[in-house]
Structures are given as structure tokens and as C-alpha cells.
Amino acid sequence: MLVSSRFQVKIKEVIKMAAMGNERHLAAESTVPPPPKQDVLRVYSMKFCPYAQRLKLVLAAKAVKHETVNINLVKKPQWYLEKNPRGLVPTIEINGDIIYESDITSEYIDKVYPGRKIVTADPLKRAKELMLMGDHGKIVGGFYGAILAQDDEKRAAAFTKMSAGLDVLDKFLSNSPMPFVCGEQPGFTDYMMWPHLERIHIYLKLALANFKNVQAYIAKMEKDEAVQACRLPDELHKEFAEGYKTKNINYDIGDVVEYNF
Ligand SMILES: N[C@@H](CCC(=O)N[C@@H](CS)C(=O)NCC(=O)O)C(=O)O
């Protein structure tokens, strides 16, 4: 059967979007979903959350099957706070156990599921990656500062902060013979850093202007299969960021699927 190329693009787009989970975001009035079935991994997420995306990238890189329950973080259900008292996503639930925090859940997944090992095993390399992650905090802080800045002074301060972190990453990349922070292919640290870099690349591009190594690195990361699987359309990201900025968040934009618990 002949399938039009426009239709194929649409299918590709739907597959890509599905990795972040198109499930409706459950809000305060929702009832607690039944627990996941035996050995089924459930991820509590939010489609546009960069921290949930870290975990989703690791799940995609290791091809770990899971189900997604999306949470409305502005109107959080009480039942969700009982699972994760911090009220943040991501959280995972499996066989009655709950784990939260993006780095902790991602590292747990890497340890217990088959597939390639994502966390760098070499202690010296890992220590250097952890120091880099410390500086990545400046990129993250600057990123939120830049989105929420109400005036030029605050925006400039946020860009300065972002630049300080990007400068460290740029130098790290220029001093490394490897294409990715973790080596020949993206690993844990690449996936922990990617979601905020992706967003900067999508809607704060100017911040990257002076960092040629970071730009080249982003271009390489964009070709990674896990990165592509977790990529939402730029327009949707921009729409969400606009709602975030104006405190008028709509989580259920783009495709939305209902649950069949
Ligand atoms: N330290 C957490 C941060 C997660 C986080 O901030 N997630 C945001 C969504 S992107 C959230 O749940 N926000 C809800 C809130 O702040 O109440 C992690 O690494 O998982």
C-alpha cells in the first residue's frame, strides 16, 4: 500500500512524542489510579518536565518498557503527594516501591535493567562528570532565571549565570577527544544535561552564540535515538514555555491520550 510522505511524517511525529507520554495530566479531583501490575514499571511524569525527560532518556536508551501517569503540577492530586511528599516529578513505582528524583530514579534504572550501562564506570571519569554536573547547575539556574525575568537587568544576570556554566561545558568538550561527555556515545551525564540544553537550543539560542563546542555537541546529541524519541515539537515547547512564563500553564497540549486503568 502506498502511504503518503505527509502521513509517514505524521506517524514519525506521533512515535517521537509518545516517549514523553501523551497521557492526560491527572489533577486534584482525580482518583488514585490502581497500582501498576506485577513487575510493570510506572513513571509519574509531566510531559514537558526536563527532569522527567532525564529519566525518559535513560529508559529510551535502554529500551525499558514502562507506563506513564502524568501529573498536573499546578493542581496536584493529594494521592500523588502521598506517593511523593516532595510533590515533584519524576517518580517511579514498581511492585509497591516508590523512588523519586531524576538522578536517583535514572541511576536505579541503569543498575537494575538490562541493556547498555549508562553510568560511567571509571571512577576518575565519573568524578569529572560529577564536577561538570555541579557547573551544569548554573546553566539550569540561568535558564529558569531567563524565562521568568521580568526586566532586562534580571534577564542579563540570568544570561551571565548561564554563560558561566556553558563556558565550563565548552572547555570540557574542547579538552576531550570524545564526541560526548561520557565517551563515544551519550551516557548518564549527557542525558542528565540534555533536557535543559535542548530547551536553551529551542528558545534561548542566543545564550549559545559564544560556545561553538557546545553548539557542535548539541548537533551530535540531536542525532541520538533516545534524544529523538524524547523530542517534542519545538512549537509545543515554545507554547508550554509561554504558559510557564505567564503562569497560565496548560499541560494537555499536543496529542492527549486517556487512561485505560
Ligand atoms: N530535583 C528534582 C526536580 C524535579 C522538578 O523540579 N520537577 C518539576 C517539574 S519540571 C516539578 O515537579 N515541579 C512541581 C513543583 O515544584 O511543585 C529532580 O531532579 O527530579
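## Exercises around the ligand site and α7

Pro90 sits in the loop that runs between α3 (78-83) and β4 (91-94). Helices here are DSSP runs of H or I with at least four residues, strands are runs of E with at least two, and both are numbered from the N terminus. You're working with a predicted model, where local features need pLDDT of at least 70 and side-chain atom pairs count only at pLDDT 80 or more, while totals for chains, interfaces and linings use all residues. Residues are numbered from 1 along each chain as its sequence is written, and side-chain values use heavy atoms, with hydrogens and water left out.

**Exercise 1. Find the residue that is joined to Pro90 by a cis peptide bond, and give omega.**

Step 1: look at the bond between Val89 and Pro90, which is cis.
Step 2: read off omega, which comes to about 10°.

**Exercise 2. List the residues around the ligand, then pick out polar contacts made by Lys76, Val89 and Ser102.**

Step 1: collect residues with a heavy atom within 4 Å of the ligand. That gives you Cys49, Pro50, Tyr51, Leu73, Lys76, Gly87, Leu88, Val89, Pro90, Glu101 and Ser102.
Step 2: look for pairs of N or O atoms within 3.5 Å (within protein, one must be able to donate a hydrogen and the other to accept it, and residues adjacent in sequence count only if both atoms are side-chain atoms). Lys76 puts a polar side-chain atom 2.4 Å from a ligand oxygen. Ser102 also uses its side chain, with an N or O atom 2.6 Å from an oxygen of the ligand. Val89 uses a backbone N or O atom instead, 2.9 Å from a ligand oxygen.
Step 3: check the cover. On its own the ligand has 510 Å² of accessible area, and the protein covers 71% of that; such areas come from the Shrake-Rupley method with a 1.4 Å probe, and for residues only the protein chains shown count as cover.

**Exercise 3. Place Glu101 in the chain, then decide whether it is buried, partly exposed or exposed.**

Step 1: Glu101 is in the loop between β5 and α4 (102-112).
Step 2: its phi is near 90°, a positive value in a residue other than glycine.
Step 3: apply the cut-offs (buried under 20% relative accessible area, exposed over 50%, partly exposed in between, with a 1.4 Å probe and protein chains only). Glu101 has 24%, so partly exposed is the call.
Step 4: try Asn95 as well, in the loop between β4 and β5 (97-100). Its phi is near 45°, again positive in a non-glycine residue, and its relative accessible area of 40% makes Asn95 partly exposed.

**Exercise 4. Check the span of α7 against its residue count, and find its kink.**

Step 1: the expected span is 1.5 Å times one less than the number of residues. For the 16 residues of α7 (188-203) that should be 22 Å, and the end C-alpha atoms are 24 Å apart, so the two agree.
Step 2: the bend at a residue is the angle between axes fitted to the seven residues ending there and the seven starting there. At Trp194, shortly before Pro195, there's a kink of about 45°.
Step 3: count the buried residues, which make up 15 of the 16 in α7.

**Exercise 5. Work out what Arg155 touches beyond its neighbours within four places in sequence.**

Step 1: Arg155 belongs to helix α6 (residues 152-174).
Step 2: taking contact as heavy atoms within 4.5 Å, you get Ala146, Ala149 and Gln150.
Step 3: a polar side-chain atom of Arg155 is 3.3 Å from the backbone oxygen of Ala149.
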